[in-house]
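User: I would like to go through a few local features of this model, taking one site or one helix pair at a time. Please reason each answer through before giving the value or name.

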Amino acid sequence: MGKTAIHLANQSRTTRCIGIAVLAAVAGLAGPMPASAQLASAEASIRHRKAAFTLMNTYFVRIYQATHGERPYNPAEVLENARTVETLSKLPWAGFGAGSDAGNTKARADIWLEPERFRQLADTMQDQVSRLRLTAQAGDLPATRAAFLKARESCQACHKMFRAD
């Protein structure tokens, strides 16, 4: 886990909530701004999706740690993290606009060449993250671990096809 992820993972709940609120405002959840006004440049699009993915990773890592014995398993905390990941999973996609294939990005050009496949993988990830949240509600560690692994597989499938390493 990178220094940024560790730093974000150690933030207080209030700080995390503020960060999510800021990201939500940037993503347009706080008002009806058109997407073109939110992400006026390719650089803004890239920053938007990187911020969303960074936050998703932060909370996803926490679920991993709790379901794999690296931190105490607290069902309420895992559920809160799963809810956060589910909300964040809806945000990155506005950051893949026209022209955002160049610049400081790990996104492969295939995203723009195969948008239907990219959207399908994004939808699968969102579905698996929703299933993770639903499973976490029951508080069953083995079931939550299995749902986490399926969600992680859906992330990795998209990375394998559309992310340059």
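User: Where does aspartate 101 lie?

Analyst: This is a predicted model, so the placement describes the prediction. Aspartate 101 is found outside the helices named here, in the stretch that joins α5 to α6 (110-113), and the element asked for is therefore the loop between α5 and α6.

User: Is aspartate 101 buried or exposed, or does it fall in between?

Analyst: Beyond its neighbours in sequence, with residues up to four places away not counted, aspartate 101 touches Ala107 and Trp112. The C-alpha atom of aspartate 101 is also separated by 8.4 Å from that of isoleucine 46, although the two residues are 55 residues apart along the chain. Because the relative accessibility of aspartate 101 is 38%, the class is partly exposed.

User: Which backbone atom does the side chain of histidine 48 reach?

Analyst: Histidine 48 belongs to helix α4, which covers residues 42-67. With a relative accessible area of 3%, histidine 48 is buried. Its side chain has a partner at 2.7 Å, and that partner is the backbone oxygen of leucine 91.

User: How is α4 oriented relative to α8?

Analyst: The axes of α4 and helix α8 (residues 141-162) come within 10 Å and cross at roughly 140°. Because angles have to be over 145 degrees to count as roughly antiparallel, the orientation of α4 to α8 is oblique.

User: How do the residues of the contact of α4 with α8 divide by type?

Analyst: In this left-handed crossing of α4 past α8, α4 contributes Phe60, Ile63, Tyr64, Ala66 and Thr67, which meet Leu141, Thr144, Arg145, Phe148, Ala151 and Arg152 in α8. Sorted by type, the residues of this contact are seven nonpolar, two polar and two charged.

User: How is α5 oriented relative to α7?

Analyst: Helix α5 (residues 75-88) packs with helix α7 (residues 115-138) at an angle of about 160°, and their axes are 9 Å apart. Since an angle over 145 degrees is the criterion that applies, the orientation of α5 to α7 is roughly antiparallel.

User: How many charged residues are there in the contact of α5 with α7?

Analyst: The helix α5 passes α7 in a left-handed crossing, where Val78, Leu79, Ala82, Arg83, Val85 and Glu86 in α5 meet Val129, Ser130, Leu132, Arg133, Ala136 and Gln137 in α7. Among the residues of this contact, seven are nonpolar and two are polar, while the number of charged residues is three.

Notes: Residues numbered from 1 in each chain as written. Predicted model: local features only at pLDDT ≥ 70, side-chain atom pairs only at ≥ 80, totals over all residues. Heavy atoms only, no water. Axes fitted to C-alpha atoms, helices over the stretch in contact; angles between N-to-C directions. Helix = DSSP H or I, 4+ residues; strand = E, 2+ residues; numbered from the N terminus. Parallel < 35°, antiparallel > 145°, perpendicular 65-115°, else oblique. Left-handed = near helix turned anticlockwise from the far one by under 90°. Contact = heavy atoms within 4.5 Å. Nonpolar A, V, L, I, M, F, W, Y, C, P; charged D, E, K, R; others polar. Buried < 20%, exposed > 50% of the residue type's maximum accessible area, 1.4 Å probe, protein only. Polar contact = N/O pair within 3.5 Å; in protein donor to acceptor, adjacent residues only side chain to side chain.
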